[in-house]
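Colleague: I've just opened this one and don't know my way around yet. Can you walk me through it?

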Amino acid sequence: FTSSTADSSDVEITFDALTDESNYTVFLDSVSNISFTNLTISSTGDYWKSDVIHIKNGCENIRLHNNYLYTVFEGNGSAVHSIVVTVNGENNNHITLNQNKIENGNYCIYARGIAGDDLAQNLTITNNTINCQGYDALRISAYNLVDINDNTITSSGATSTVLHAIYGTYVSNFNILRNTIIASDLSSLVTGIEIDLGNSFSGTESMIANNLISISNDPEKTCYGIDVSASNHLDIYYNSVRTQGGTSSMAIEISDPDDLIVKNNIFSDFSGSNAYVVTGTIHSMTTDFNTIYSNGSTLGKWLGTDCTDLASWKATSSQAANSISADPEFYTETDLRTNGLNLDNTGTPISGLSTDIQGNARDGANPDPGAYEFSAFSHNVRLHLLTTPGTGCGLSAAEDIYIEIINSGTSDETDIPVAYTL
């Protein structure tokens, strides 16, 4: 099924769902080798269980490419979806969603296999643009061989009580690579990437790498950049994470790790909270070469022990010898590029990861932490603090001005011009 003009705006398939028995626009039941390309597919009604595409009963080789998929309903019904992959007796295998624009719905993509030894196989979600206003942008359960790569996921002002950009449970052999996740102005608990009960094998480790995750939340609500629990054989590399929300927020939390490697990441929290938290029982875990930053009184927490600074983090964990603690100096709250001198060339080479989120080559000997490879600027001076005058009131015609500046460039700086205007 495709538009003859290759323009998705020229052909729209739409339906106004009214009942549980007909709550979908497209329903694929026990079919194989079906593709939808260059179409607009929508659910236009306000029925609380409206689905755009419903796939179930052992479908195989379903491909959705370059479509615009949306629902007009943005409420908080517990089963509102944009795309649904469900199970009724049999798994749906080899499902591919590529280069689609997906909007609204409480679950933009909900892919669920049969939990147990016989998981659903091969789920590929790549190069999609997803705007979620409900619970989860991507919710994946009981799938083996999962690729979630190069997607842009955004949410702002969502009214749900819980929001995940990417949530996976009972997933095996997965890659989550080069995604851009930006959630802002939210009033609920938010997590960028959460993996619960992720299971892989030695030699075929799963990977979370080269992702940008920026979560800005209500100051009373908790947010997590990355949350991994009870998972094994997982590598976490080169992610740039910034969180800002309630005082229980954190850039990354890891619980009960078994064969986890965490290297070359930037974990930063601007909530006055912990940037990095490890809980539960550590079966096997290596963490090093990360940049860890918190604007609070503690940098992180290791098995219940507060670590106020990098020295206490290293002493408590007996790891992280090559990690640093420094403000990453991101360009903005959502643009997590940096040219910070303190971070430059502080990573370590990772086999198989030779490029960054944009496809730029990593330094072969001393790569940079985070999603972006960069070079520190030669001249990079910025105002850090205006100390005097502290107010614009009651000033005389001539006042001394005292400021603090930070030189984040590679060159020494002198004769820096300063101006103060009321």
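**Contacts, a helix and cavities**

Colleague: Which backbone nitrogen does the side chain of Asn232 reach at 3.0 Å?

Modeller: First, a heads-up: this is a predicted model, where local features need pLDDT of at least 70 and side-chain atom pairs count only at pLDDT 80 or more, while totals for chains, interfaces and linings use all residues. Residues are numbered from 1 along each chain as its sequence is written, and side-chain values use heavy atoms, with hydrogens and water left out. Asn232 sits in strand β22 (residues 232–237), where strands (E, at least two residues) and helices (H or I, at least four) are DSSP runs numbered from the N terminus. At 3.0 Å, the Asn232 side chain reaches the backbone nitrogen of Ser200.

Colleague: Which side chain joins that of Asn232 in a polar contact of 3.1 Å?

Modeller: A polar contact is a pair of N or O atoms within 3.5 Å; within protein, one must be able to donate a hydrogen and the other to accept it, and residues adjacent in sequence count only if both atoms are side-chain atoms. Not counting residues up to four places away in sequence, Asn232 touches Gly198, Asn199, Ser200, Asp258, Asp259 and Leu260. The 3.1 Å polar contact joins the Asn232 side chain to that of Asn199.

Colleague: Does Asn232 count as buried or exposed?

Modeller: Buried means under 20% relative accessible area and exposed over 50% (1.4 Å probe, protein chains only). Asn232 comes out at 17% relative accessibility, so the label for Asn232 is buried.

Colleague: Back to Ser200: which side chain makes a polar contact with the side chain of Ser200?

Modeller: Ser200 is in the loop between β18 and β19 (206–209), and it counts as buried because its relative accessibility is 1%. A polar atom of its side chain lies 3.0 Å from the backbone nitrogen of Asn173. As for a side-chain partner, at 2.3 Å there's a polar contact with the side chain of Ser206.

Colleague: Which residues is Ser200 in contact with, leaving aside neighbours within four places in sequence?

Modeller: Contact here means heavy atoms within 4.5 Å. Asn173 and Ser206 turn up again, and so does Asn232. The full set for Ser200 is Ser172, Asn173, Phe174, Glu205, Ser206, Asn232 and His233.

Colleague: Let's move to the helix. Why are the buried residues of α1 on the same side?

Modeller: In α1 (residues 310–317), the buried residues are Leu310, Ser312, Trp313 and Ser317. They end up on the same side because the arc they cover around the axis, taken from the directions from the helix axis to the C-beta atoms, is only 165°.

Colleague: And which exposed residues are on the face turned away from the buried side of α1?

Modeller: The buried residues pack against β27 (276–279), β29 (291–294), β30 (300–302) and β31 (305–307). Just after α1 comes Ser318, with a positive phi near 60°. The face turned away from the buried side carries Ala311 and Ala315.

Colleague: How far apart in space are Leu343 and Asn290, C-alpha to C-alpha?

Modeller: Leu343 is in the loop between α1 and β32 (381–388). Its relative accessible area is 0%, so it is buried. Its contacts beyond four places in sequence include Ile266, Thr291 and Phe374. Leu343 and Asn290 are 53 residues apart in sequence, and their C-alpha separation is 9.4 Å.

Colleague: Now the cavities. Which elements give two or more residues to the lining of the largest cavity?

Modeller: A cavity is a set of points, on a 1 Å grid over the protein atoms alone, where a 1.4 Å probe fits but cannot get out, and lining residues have an atom within 4 Å of a point. There are 2 cavities of 30 Å³ or more. Of the 13 residues lining the largest, the closest to its centre are Ile153, Ser155, Leu163, Ala165 and Ala183. The elements giving two or more are β15 (152–156), β16 (162–177), β17 (180–186) and β18 (189–196).

Colleague: Which element gives the most to the lining of the second largest cavity?

Modeller: Its lining is made up of Ile140, Val146, Ile148, Ile166, Gly168, Val171, Phe174, Ile176 and Ile195. Two elements, β14 (136–149) and β16, give two or more residues. With 5 residues, the one giving the most is β16.

Colleague: Ile148 is in that lining. What is its relative accessibility?

Modeller: Ile148 lies in strand β14. Among its contacts beyond four places in sequence are Ile140, Ile166 and Ile176, which line the second largest cavity too. Ile148 counts as buried because its relative accessibility is 3%.

How values were computed:
On a 1 Å grid over the protein atoms alone, a cavity is a set of points where a 1.4 Å probe fits but cannot get out, and a pocket is an open set with protein on both sides within 12 Å along at least five of seven lines; lining residues have an atom within 4 Å of a point. Grid points are joined across faces, edges and corners, and a volume is the space filled by probe spheres set on the points.
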